[in-house]
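Q: Could you take me on a close look at the charged side chains that pair up here, and at what surrounds them? I'm in my first year, so plain words are welcome.

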Amino acid sequence: MLRSFLSGVILAATALPGPPASALEPVRVAAGVYAFVGDTGPVSAANAGHTGNSGFIVGPTGVVVIDTGTTHRHGVRMLEAIRRVTDRPIELVILTRAVQEAVFGASAFTGAILAAHRETVTLMRARCAQCLERLLPLLETELDGTRLLIPETVYDGPAIIEAGGMRLQLLHFGWASTPGDVALWHAESGVLFAGGLVSNGRVPEIRDCDFDGWRAALSELGRLPAKRVVPGHGPVSGRQAIDATRRYLDALDSRVRELYAANTGLLDALEQADLSEFSGWGSYDSLHRRNTLHRYLQLEIEDLGGDPRSVSMPQQ
């Protein structure tokens, strides 16, 4: 069944039926640095799956792309938008984490080096094909041409990257929101592409996280002299987006621990864990309840002496 599904969505990039989509408009973050800002709600036909942020940096000799969107069509729209800014070659595409809004547009960037952290590649192999199956009822023909590409260039930790005539710093702090989280620091402009580590005005998802590792990573990001932060979700911001993400994680942890310590049952905890400070954030109604469930289960496993990160990670 999976094979027949994939063969149905893997079509040539030149044969994409359906009505033309609106062109993507990049947000200029700094000189030569741009972001594509997506919807903060869930994937839907209305937003064509554009629910996460991506971007690109134009260097003296080439372009570095950060994340690629949820569909091949989205990647094509990104490429068209980049070409309206520059005709310099796209040398490198970096996937910051193994989530649908980062990985599935990569097939549009033929000829560029595709790179990710080794743990991101592992997670992509484990479940990204199933992600495509789940997206089909939501996006239907918007998925035409979409396929999973596995990066051939892998990083095992932080690294200095030379690409596009630029020197970029790839940041990895260990298991955080996902095992292979990376962020990209462009010191020349003071812009941080934070990937899944930071969310601005949208509830971050904790399903794959190491809770303490994530908070430690945010502390490290907070030490950077960042002038602008491109979060994984939500508007481009300043350093306050790092603090806001940490504040949500702390508040979630504190409230769920309080309920757990009081022997509140799981179903009751889901009803009592409301955090009014964040109720106006995107995807609050769906993701905060799910986060409460995961954090409760993490505490339960931790209490039994197990690894709380095992709650929902796929078996290898």
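A: Let's start with one pair: the side chains of Arg 295 and Asp 253 form a salt bridge, with 2.9 Å from N to O. This pair ties together distant parts of the chain, since Arg 295 sits in helix α8 (residues 284-303) and Asp 253 in helix α6 (residues 240-261), 42 residues apart. Both ends are out of sight, as Arg 295 is buried and Asp 253 is buried too. Keep in mind that you're looking at a predicted model.

Why would two such side chains team up at all? In general, side chains of opposite charge can pair when their charged atoms come close.

This pair also has company. Arg 295 and Asp 253 belong to a network of salt bridges that also takes in Asp 212, Arg 215, Arg 246, Asp 250, Arg 257 and Glu 302. Counting through the model gives 24 salt bridges.

Another one of them joins Asp 208 and Arg 127, whose side chains meet at 2.2 Å, N to O. Here, too, the pair links distant parts of the chain: Asp 208 is in the loop between β11 (191-199) and α5 (211-221), while Arg 127 is in helix α4 (residues 118-139), 81 residues away. Are these two buried or exposed? Asp 208 has a relative accessible area of 2%, so it counts as buried. Arg 127 comes out at 9%, so it is buried as well.

Now for a pair in another setting. Arg 289 and Glu 271 meet in a salt bridge of 2.9 Å, again N to O. Arg 289 belongs to helix α8 and Glu 271 to helix α7 (residues 266-272), so to speak two distant parts of the chain, 18 residues apart, linked by the pair. Glu 271 has a relative accessible area of 55%, which means it is exposed. Arg 289 has 38%, so it is called partly exposed.

Let's turn to the sheet beside some of these helices. Five strands make up an open sheet, in the order β8-β9-β10-β11-β12, with mixed pairing. The edges belong to β8 (159-163) and β12 (228-233); each has a single partner strand, so one side of each has no neighbour in the sheet. From one strand to the next, the twist averages 30 degrees. At one end of that order, β8 pairs with strand β9 (residues 166-171) in the antiparallel sense, over five bridges. Within this stretch, Glu 162 has Arg 167 in β9 as its bridge partner.

Two helices pack on the sheet. α5 touches β9 and β11, and its direction makes about 160 degrees with that of β11. α6, the helix that carries Asp 253, touches β11 and β12, and its direction makes about 15 degrees with that of β11.

One last arginine deserves a stop. Arg 97 lies in the loop between β5 (90-94) and α3 (100-103). With a relative accessible area of 3%, Arg 97 is buried. Its side chain makes a polar contact of 3.1 Å with that of Asp 67, and another of 2.8 Å with the side chain of Thr 96. Setting aside neighbours within four places in sequence, Arg 97 is in contact with a list of residues including Asp 67, Thr 120, Asp 181, Gly 232 and His 233.

Conventions: Residues numbered from 1 in each chain as written. Predicted model: local features only at pLDDT ≥ 70, side-chain atom pairs only at ≥ 80, totals over all residues. Heavy atoms only, no water. Helix = DSSP H or I, 4+ residues; strand = E, 2+ residues; numbered from the N terminus. Buried < 20%, exposed > 50% of the residue type's maximum accessible area, 1.4 Å probe, protein only. Polar contact = N/O pair within 3.5 Å; in protein donor to acceptor, adjacent residues only side chain to side chain. Contact = heavy atoms within 4.5 Å. Salt bridge = Lys/Arg side-chain N within 4 Å of Asp/Glu carboxyl O. Pairing = 2+ DSSP bridges. Axes fitted to C-alpha atoms, helices over the stretch in contact; angles between N-to-C directions.
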